[in-house]
Amino acid sequence: MKKIYSFLGWVLIPIFFASCASVGDFFLNKPSKEALSNKQGAFNEDKKPAQFKLIYIKTALFKYYDYGILDITPKDIQLKLFKLGKTIGSISIGPSQICFLSDCAPKWPAAKEFFGKVSYGDLFEDILLGKDIFGGIGKQIAPNDTLIQRFQKSGEIIFYERKKGHILFRNMTTGVAIAIDDYDSPNSNTQTSPTSPSP
């Protein structure tokens, strides 16, 4: 009988210490390998790879037509702007403010300055992310899975179009326009020119 207890002791002691190590990690608030891999996976889903875009922006204060890099992270959205292949700065949108090149301001005043009276704080962010604007007012589905919003608000006519690889916002009354297109290689003839956005 003593031999059986002795044998069990030699077998169970290493198992006990091994289990104590994993239990110790649990009580020391160390994340398990599974939790770490899940957390890393969730972060990777939130972080989208930077995308090379053809950008057209026309406002009273700012005009731009060239290539840019759209970088969307869980913390902010950054649109890096280039002129003749050299970076000239970026437009950065955080939770509470927008920075145009080197000037930063709270979202609502910045949006009003950028878009005019028919705007709201998250309008530029919603356009860059391809989301509905103004709560989806006037939304309809056109051929080729193109989503269109066409509506009138405070006397101004707004047109907003989204499809894979293309976003166009246009205030038909004031002339403010933003077009964001996926960059296609020069050999491809499918690239949309944002210089003539037409609804």
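A contact, as the word is used in this report, means heavy atoms within 4.5 Å. The structure described here is a predicted model.

## Overall architecture

The protein has 199 residues, of which 33% count as buried. Its secondary structure comprises 4 helices and 11 strands. Among contacts with a separation of 6 or more, 33% join residues that are 24 or more positions apart. About 12800 Å² of the protein is exposed, and carbon and sulfur atoms supply 58% of that area.

## The sheet

The 11 strands form an open sheet with antiparallel pairing, in the order β6-β5-β4-β3-β2-β1-β11-β10-β9-β8-β7. Strands β6 (103–106) and β7 stand at the edges; each has a single partner strand, so one side of each lacks a neighbour in the sheet. From one strand to the next, the twist averages 20°. Strands of a sheet pair through backbone hydrogen bonds, in either a parallel or an antiparallel manner.

Strand β11 has neighbours on both sides in the strand order, β1 and β10. Its pairing with β1 is antiparallel and rests on 6 bridges, while β10 and β11 pair in the antiparallel sense over 5 bridges. On the β10 side, H166 stands opposite D181 of β11. The hairpin of β10 and β11 has 5 residues between the strands, and within this hairpin G175 adopts a positive phi near 90°. Because 5 of its 6 residues are buried, β11 is largely enclosed by the rest of the structure.

Elsewhere in the sheet, the antiparallel strands β4 (residues 86–93) and β5 (residues 97–100) are joined by 3 bridges. Here I91 stands opposite F100 in β5.

Helix α3 lies across β1, β4, β5, β6, β10 (166–171) and β11, and runs at about 115° to β6.

## Salt bridges

The structure contains 5 salt bridges. Three of them are set out below.

| Salt bridge | Closest N to O distance |
|---|---|
| D182 and K53 | 2.4 Å |
| K107 and D122 | 2.8 Å |
| D132 and R162 | 2.8 Å |

The bridge between D182 and K53 links distant parts of the chain, with D182 in strand β11 (residues 177–182) and K53 in strand β1 (residues 51–58), 129 residues apart. These two residues also face each other in the sheet, since D182 in β11 is the bridge partner of K53. Their surroundings may be stated separately: K53 counts as buried at 8% relative accessibility, whereas D182 counts as partly exposed at 30%.

The salt bridge of K107 with D122 involves helix α3 (residues 107–115), where K107 lies, and the loop between α3 and α4 (123–129), which holds D122; the pair therefore ties together parts that are 15 residues apart in sequence. K107 is buried, at 10% relative accessibility, and D122 is partly exposed, at 32%. A network of salt bridges links K107, D122 and E125.

In the salt bridge of D132 with R162, D132 belongs to the loop between α4 and β7 (139–142) and R162 to strand β9 (residues 156–163), so that this pair too links distant parts of the chain, 30 residues apart. R162 is buried, with a relative accessible area of 6%, and D132 is partly exposed, with 28%.

## Aromatic pairs

A search of the whole structure yields 13 aromatic pairs. F114 and F115 form one that is edge-to-face, with 5.1 Å from centre to centre and 70° between the planes. Both F114 and F115 are buried. The rings of Y120 and F134 have their centres 4.9 Å apart and their planes at 80°, so this pair is edge-to-face. Y120 lies in the loop between α3 and α4 and F134 in the loop between α4 and β7; the pair links distant parts of the chain, 14 residues apart. F134 is buried, with a relative accessible area of 15%.

Ring pairs also join F100, F114, F115, F124 and F169 into a cluster. In this cluster F100 is the β5 residue that stands opposite I91.

Methods: Residues are numbered from 1 along each chain as its sequence is written. This is a predicted model: local features need pLDDT of at least 70, side-chain atom pairs count only at pLDDT 80 or more; totals for chains, interfaces and linings use all residues. Side-chain values use heavy atoms; hydrogens and water are left out. Buried means under 20% relative accessible area, exposed over 50%, partly exposed in between (1.4 Å probe, protein chains only). Accessible areas come from the Shrake-Rupley method with a 1.4 Å probe; for residues, only the protein chains shown count as cover. A salt bridge is a side-chain nitrogen of Lys or Arg within 4 Å of a carboxyl oxygen of Asp or Glu. Two strands pair if DSSP finds at least two bridges between them. Axes are lines fitted to C-alpha atoms, for helices over the stretch in contact, and angles run from 0 to 180 degrees between N-to-C directions. Rings of Phe, Tyr and Trp (its six-membered ring) pair if their centres lie within 6.5 Å; planes under 30 degrees apart count as stacked, over 60 as edge-to-face and the rest as tilted.
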